[in-house]
Amino acid sequence: MTGINVTVFTNHLCDGKSPQCQDELYKFPCGRATHVPQSDSNDVLATIRAESQVLGWLLIASIMVFNLLLICVARCNSPVSYLQLKFWRVYAQWESDLLESYMADHAEKLAERNLKSFFQQMPPEPVTTPPNQAWEKISSLYRFSTRDQYYSILHKYVEKCHDPAEARDHRMSSVRSDGPDTANPSVLAFVDEGKMML
């Protein structure tokens with residue numbers, strides 16, 4: 001701030017100080033001002049620190065007020081009531097937690113089935129796995145609609161898009177390449193990480 005070449009600002013900082021204050025203002029932070037008393041330099045630096053603190057708190061307060069107004073406007077114009085929105089958040093949290101639990105449990109069972117089949121050299125037992133199309137549908141972005149009462153894309157899939165016949169046809173489908181020379185998608189790089197760590 002001492003390097004800003006604005007006359008009004010420098011006059012404000014050097015008001016009541018020595019005449020050389022404005023000329024050597026930029027030297028104050030380094031302590032190299034030779035023609036200005038040390039007390040004047042300390043006063044100017046203290047003023048800058050105090051004003052920066054005030055500006056910082058004003059910025060924080062303005063951001064908080066802006067966020068509060070934004071929340072108020074969003075709540076007032078919300079297509080759902082406060083209690084329904086509260087329920088929605090609780091549902092979303094439960095769905096996320098249970099999804100993690102279900103995925104971990106299903107992955108463990110599938111891995112155990114595969115290892116058991118490998119070490120015992122026997123055909124694997126059938127395990128129901130959602131097809132790729134199902135994973136893609138529940139991974140898409142959720143879009144709110146006043147006509148539909150869905151609290152998540154998974155909720156919408158279960159209510160509308162779940163087709164048991166199609167699911168049976170694609171039950172054991174996996175990510176496959178179209179040919180022997182097709183490169184593996186970069187998102188599947190984790191598939192070989194286990195082998196690289198061995």
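Trainee: Which residue forms a salt bridge with Asp105?

Mentor: Keep in mind that this is a predicted model. The closest N and O atoms of the pair are 3.3 Å apart, and a salt bridge needs a Lys or Arg nitrogen within 4 Å of an Asp or Glu carboxyl oxygen. The partner of Asp105 is Lys109.

Trainee: In which helix do Asp105 and Lys109 lie?

Mentor: The two are four residues apart, about one turn of the helix. Asp105 is partly exposed, with a relative accessible area of 36%, and Lys109 is partly exposed too, at 48%. Both residues lie in helix 3.

Trainee: How many salt bridges does a search of the whole structure find?

Mentor: Well, you've already met Asp105 with Lys109. Then there's a salt bridge where the side chains of Lys116 and Glu125 meet, at 3.8 Å from N to O. The search of the whole structure gives a count of two.

Trainee: Is Glu125 buried, partly exposed or exposed?

Mentor: Let's look at both ends of that bridge. Lys116 has a relative accessible area of 39%, so Lys116 counts as partly exposed. Glu125 has a relative accessible area of 45%, and anything from 20% to 50% falls in the middle class. That makes Glu125 partly exposed.

Trainee: What about Glu95: which side chain of opposite charge is nearest?

Mentor: Glu95 is found in helix 3. Glu95 is buried, yet has no salt bridge. The nearest side chain of opposite charge is 13 Å away, and that one is Lys156.

Trainee: Which side chain does a polar contact join to that of Glu95?

Mentor: Having no salt bridge doesn't leave Glu95 without a polar contact. The contact is 2.6 Å, and the side chain on the other side belongs to Ser152.

Trainee: Is Tyr102 buried or exposed?

Mentor: Tyr102 is found in helix 3, which runs over residues 82-120. Its relative accessible area is 62%, and the cut-off to pass is 50%. So Tyr102 is exposed.

Trainee: What is the area of the nonpolar surface patch that includes Tyr102?

Mentor: Tyr102 makes this patch together with Val90, Trp94 and Leu98. The area of the patch is about 480 Å².

Trainee: How far apart are the end C-alpha atoms over residues 54-74?

Mentor: An unreviewed UniProt entry annotates residues 54-74 as "transmembrane region". In the model, the chain there is 100% helix and 0% strand. From end to end, the C-alpha atoms are separated by 30 Å.

Terms used. Residues numbered from 1 in each chain as written. Predicted model: local features only at pLDDT ≥ 70, side-chain atom pairs only at ≥ 80, totals over all residues. Heavy atoms only, no water. Patch = residues over 30% accessible without salt bridge, like charges linked within 9 Å, V, L, I, M, F, W, Y side chains within 5 Å. Areas by Shrake-Rupley, 256 points an atom, 1.4 Å probe, with all protein chains shown as cover. Buried < 20%, exposed > 50% of the residue type's maximum accessible area, 1.4 Å probe, protein only. UniProt positions renumbered as here; feature names shortened; annotations may be inferred. Lys, Arg positive; Asp, Glu negative; His and termini not counted. Polar contact = N/O pair within 3.5 Å; in protein donor to acceptor, adjacent residues only side chain to side chain.
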